Every structure is written in structure tokens, then in C-alpha cells.
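Work through the exercises below with the sequence and the 3D view side by side, and try each task before you read its solution.

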Amino acid sequence: MRMLVMFDLPTDGKENKKYYTDFRKFLLRDGYDMIQFSVYSRICANLDAVDKHLKRLRHVAPRKGAVRVITITNKQYGDAEIVTGERRRQEKRMNEAQISLF
């Protein structure tokens, strides 16, 4: 399964920029890959792993702005249609590694 984290955080002022930067750095350190600006994806083995990462997100998410999480299957993620642009290098790498894992 995949967790998609989408956020819209204020970046006006020094304090808000720090919250934004810290949250983004947390996502990258915690194994998320950037899909688009403010949209990150993480592979989770099962619902227990999703619950664990949701708790971590709730703990570090800034109080201002909006953070949304959607959990989808790998098949649903793979079936996403790209209307413009191309898959990012990280997405291609994840899909190739995923085939050998599952």
C-alpha cells in the first residue's frame, strides 16, 4: 500500500517557513518520496505500518495549514494516469523495486 501525504502550509514569515522546511525534511528522512510539490508518497507493508506512520505525522505536522493523507493500494497508484509530464526518476525506481519485492 501507499500513503499519499498532501499539504498546503503557510510560508509567510520566518517561523512558518521553518515549520514548512522541518515538515518536508521529516517526510524525506522518514522514507517519503516527492511526487509533486507538496505531494509525497511512502510505501507501507500493511495497515499496521500505515497506522504507525500516521501517528508520526500527527506528531510532527504543523498546526497551521492543511495536511491530508490518503492510503491507496499499489495497483491504484500504478494505475494513476499522467496527463502531462512524466514519471519522476524516484517513481520509476520504486516501481521496478516493487516488482521484485511482490
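**Exercise 1. Find which ring the charged end of Arg-42 sits over, and then look for a second arginine placed over a ring.**

Solution. Start from Arg-42 in this predicted model, and follow its side chain to the charged end, which sits over the ring of Tyr-32 at 5.9 Å from the ring centre. Since a charge counts as sitting over a ring only if the CZ atom of Arg is within 6 Å of the ring centre, among other conditions, the value of 5.9 Å meets that distance limit. Then turn to Arg-2, which lies over the face of Tyr-77, at 4.0 Å from the ring centre.

**Exercise 2. Work out how the rings of Phe-7 and Phe-23 are arranged, and which parts of the chain the pair ties together.**

Solution. A search of the whole structure gives three aromatic pairs. In the pair of Phe-7 and Phe-23, the ring centres are 5.2 Å apart and the planes stand at 90°, so the arrangement is edge-to-face, because planes over 60 degrees apart are counted in that way. Next, place the two residues: Phe-7 belongs to strand E1 (residues 2-8) and Phe-23 to helix H1 (residues 14-29), so the pair ties together parts that are 16 residues apart in sequence. Finally, check the burial, where Phe-7 has a relative accessible area of 6% and Phe-23 has one of 1%; both count as buried because the limit is under 20%.

**Exercise 3. Decide whether the rings of Phe-7 and Tyr-40 are stacked or edge-to-face.**

Solution. The centres of these two rings are 5.7 Å apart and their planes are at 25°, so the pair of Phe-7 and Tyr-40 is stacked. Because Phe-7 lies in strand E1 and Tyr-40 in strand E3 (residues 39-43), the pair ties together parts that are 33 residues apart in sequence. Tyr-40 is buried, with a relative accessible area of 1%. As a last step, bring the rings together: Phe-7, Tyr-20, Phe-23 and Tyr-40 form one aromatic cluster.

**Exercise 4. Locate Pro-62 and determine whether this residue is buried or exposed.**

Solution. Pro-62 is found in the loop that runs between helix H2 (47-60) and strand E4 (66-72). With a relative accessibility of 15%, Pro-62 counts as buried. When neighbours within four places in sequence are set aside, Pro-62 is in contact with Leu-9, Tyr-19 and Phe-23. For Leu-9, which is 53 residues away along the chain, the separation between its C-alpha atom and that of Pro-62 is 7.9 Å.

How values were computed: Residues are numbered from 1 along each chain as its sequence is written. This is a predicted model: local features need pLDDT of at least 70, side-chain atom pairs count only at pLDDT 80 or more; totals for chains, interfaces and linings use all residues. Side-chain values use heavy atoms; hydrogens and water are left out. Helices (H or I, at least four residues) and strands (E, at least two) are DSSP runs, numbered from the N terminus. Buried means under 20% relative accessible area, exposed over 50%, partly exposed in between (1.4 Å probe, protein chains only). Contact means heavy atoms within 4.5 Å. Rings of Phe, Tyr and Trp (its six-membered ring) pair if their centres lie within 6.5 Å; planes under 30 degrees apart count as stacked, over 60 as edge-to-face and the rest as tilted. A charge sits over a ring if NZ of Lys or CZ of Arg is within 6 Å of the ring centre and within 35 degrees of the ring normal.
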